[in-house]
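Thanks for coming. I will go through one structure this morning, starting with a small backbone detail and then moving outwards.

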Amino acid sequence: MKKVDKKHADSYFRARVILISCSLAVGFSVSYLVVLLAENLLSITFNGFPLHYYMGAQGAVLTFIILLFLNAIVSDKLDKKYGFIETNKKDISSKKTLTH
Amino acid sequence: MSQFMVSLLLIIATFGLYIGIAIFNKARATSDFYVANRSVPPIFNGMAIGADWMSAASFIGMAGTIMILGYDGLAYIMGWTGGYLLLTFLIAPQLRKYGRYTVPEFIGDRYQSNTARLIAAIATIIISFTYSIGQLSGSGVVIGRLLEVDVAVGTLIGVVLIAFYSALGGMKGITWTQVAQYIVLIVAYLIPVIFMSLQLTQNPLPWLSYGEIIGELQELDKQLGVTEYIVPFTEASKWQFIALLFTLMAGTAGLPHVIVRFYTVKTMKAARWSGAWALLFIGLLYLSAPAYAAFSRFILMTEVAGNSISNLPAWTAAWIDTGKLSLADQSGDGILQWSEIVISNDIVVMATPEIANLGVFVIGLMAAGAMAAALSTAGGLMIAISAALSHDIYYRSINPNASEKKRLLVGRWSIVIATVVAGLVALNPPGAITQIVAWAFALASGSFFPALLLGVWWKRSNGPGVIAGMITGLTVTLAYIFAAKYGGLSILGIIDTGAGVFGALAAIIANISVSLFTKAPSQKIQDEVMDLRYPEQLTYKDGEVWINDYKDV
C-alpha cells in the first residue's frame, strides 16, 4: 500500500463529479426539457417526424447510449491521467467481494 | 404444419438451447481452467443484463401501449432507458465497490441496521411480487393465443411453467444462457418490424422509415376526426408524463434484480462498460418498439378497418377467443369501423405478425421470444423473492440456527406460494402489463432509489434515517397507487403509474431529516462511504487515501 496525496485524490473526485453532472444535465434536457416544451415543437419536423415525437422515440434513447459510452471512455482516460490504472482485475475483486 | 405446432416446436427448441448451455457451462465451471479465468467481458455482460431486463412488459406490452396511447406512451421508452443513466452514473459502480451481493445486504451493512435490512427484504418481496404479476399476465397472453383458450387459462398454465422453471434455479445466474436468451429475444422482435417496414415502405430499416408512416397516420387521423397519434398529453396531463418518466427512471436505478447483475462484474470500470453495452442492446428493442407501434396502427387502420364485418380475416377469430380483442359492428352498417376495433395493449405485439400475414415461422418465433422474456424475468423475480425470504428474513432475523437444508426448503416453498398467489392475481389482471410493471417501478423508486442514492452519496445518512425513508416512501407510494386507481385521487393530473415521484420525494425528505436529528453513523461507516469516491484500487482510511499495490501481495 502506498499513500496517495489527498489533494490528488480529491481533484480526481472533483473531475468525476463534473463529468457526472454534465452528463446528467444533457440526459435530462433531451428528455424532461423536451417533454416540457413538447407543444412548442409540434410544427418542427425531423426525418418525417414531428420533433417532440422524434426525441421521445429515438433522440433521447440515442443520446443516453452515447452518454454512457462517452462516460466509459472518459472515465478510463481519467483513471489513466491520475495514474489509477487497474492492473490485475482478479486480485482487486478478491479483496473486495464478500462471499457466503 | 399448423401454426400451433410451429410455435410449440420453436418454444421447445429455444428452451432446450437455454438448458443445454446451462448444463454445458455447469460442467465447464468445475474445471480448474475455467475457474481461473471466469470474468465475463462487459459486452456479454451487457447482453445478459439486457435479457434480465427485458420482460413481458418490454416485449409484449410496450409497443401496444405506445400504439394505444400515442405520444404519451413514449414515457415508457425514455423512462426505461434513462434509468440506466442514473444507474450507471450514480449507483452501480459504487455498489460494485462496496461489494455486497444483494440490495438488502448493502442496506443492512451500510446503515448498520438489521431493521433496515428486514424492511429492504420486505420491499424486495413486494416489488418483485408486483412485477411478476405482469409477467404471468404476459405469459397468459402468449399461451392463451397458442392454445386458442381464454387468457385466464393461459395464465394458469404459465404459473405451472414458471414454478417449474424457477425450481431449476441454478440456470438463472449463468451469463451465457442469458446471452442466448437476449439473441433469441431481439431476433424475434426485429424480424417482424423489418418485414413490416419492407411491406409498407420498401425500406429494410424501420428506424429510418417509420417517420413516413407517422405522417400518413396523421392524415388518416384527420380524415377520421380522431385524436391525432402524435399530439402530446391527450391521454393524461403533462405532469403525469413527467411523473411517469421519473418513476420509471428512478425505479430502474432501484430494482433489486437489475442491480444484482452489476455485482457480477469485477471492477468499477467494468461496471461502467457493462452499463453502456447493456443500454445499447436494450436500446435496440426500445428504438424498434415505436416503429412496431406505428406499423401496427397503420395496418389496423388501412387493412382491417373498413372491411365488411362478415368477411374478417382468419387471424381475428383466435384473438377474439382470448378475450382481448373485440370487433363489433355497433353502427350496424356491415362495415367494421376503426372506432369499433377494441384491442388490448397486451396483444398488439403478438397479433401484428398475424395481421401482417408474416407466416407461421415468424409468428412462432415471436411466441418463443415472448416466452423467453416472460419466463426468464419471472424466474429471476421468484429467486429474488425466495432469497429475501429464506436468507434475509428467515435465516438472519427469525432462525439464525437454521440448517442449509431447512433454508432451502423455505426458499422452495416461498417460490411455489409466491407464484401461485401472483397467478391468482393475474387471472383477473388489475391493469395492462406495462401498467402493473409501472407500479413495481413506483415502489422501487419510493423505497430503494432514495436509500441507495443517499447511502452512496451522503455519509451522514444513518440507520434511523433510512428506516424512516423506506417506510415513508413505501407507504406514500402504495397509498397513492390505491387512492389514484380506486379513489379517483389525482394531483396535477398524476395517476397511479406516476406515484413514484411522490414516494421518492417523501422518502428523501424523511431520510434526510431523521438522519440529521439522530446520531451520525460511526467513523468506520463514514470512511466506507468516502471510499466510494475513488476508483477500485484506492482505499480511504482516517482521512488519508492509499493505493493498493497488488503486485507486492
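Which residue just after α6(B) takes a positive phi? That is B:Q112, with a phi of about 45 degrees. Keep in mind that this is a predicted model.

Now the helix before that residue. Helix α6 of chain B covers residues 103-110. Seven of its eight residues are buried, so the rest of the structure largely encloses the helix. The buried ones are B:V103, B:P104, B:E105, B:F106, B:I107, B:G108 and B:R110.

Staying in chain B, I turn to a pair of helices. Helix α3, residues 42-53, packs with helix α12, residues 256-263, at an angle of about 165 degrees. Their axes are 10 Å apart. Angles over 145 degrees count as roughly antiparallel, and α3(B) and α12(B) are therefore roughly antiparallel to each other. The crossing of these two helices is right-handed.

Which residues make the contact? From α3(B) there are B:A48, B:I49, B:D52 and B:W53. On the α12(B) side they meet B:H257, B:V258 and B:R261. Sorted by class, this contact of α3(B) with α12(B) has four nonpolar residues, one polar and two charged. As for the spacing along a helix, an α-helix has 3.6 residues a turn, so residues three or four places apart point the same way.

Last, chain A. Its secondary structure comes to four helices and three strands. Along the sequence the order is β-α-α-β-β-α-α. Chain A has 100 residues, and 31% of them are buried. Of the contacts in chain A with a separation of 6 or more, 56% join residues 24 or more positions apart.

Terms used:
Residues numbered from 1 in each chain as written. Chains lettered and ligands numbered in written order. Predicted model: local features only at pLDDT ≥ 70, side-chain atom pairs only at ≥ 80, totals over all residues. Axes fitted to C-alpha atoms, helices over the stretch in contact; angles between N-to-C directions. Parallel < 35°, antiparallel > 145°, perpendicular 65-115°, else oblique. Left-handed = near helix turned anticlockwise from the far one by under 90°. Contact = placed C-beta atoms within 7 Å. Nonpolar A, V, L, I, M, F, W, Y, C, P; charged D, E, K, R; others polar. Buried ≥ 20, exposed ≤ 12 C-beta atoms within 10 Å, placed from the backbone.
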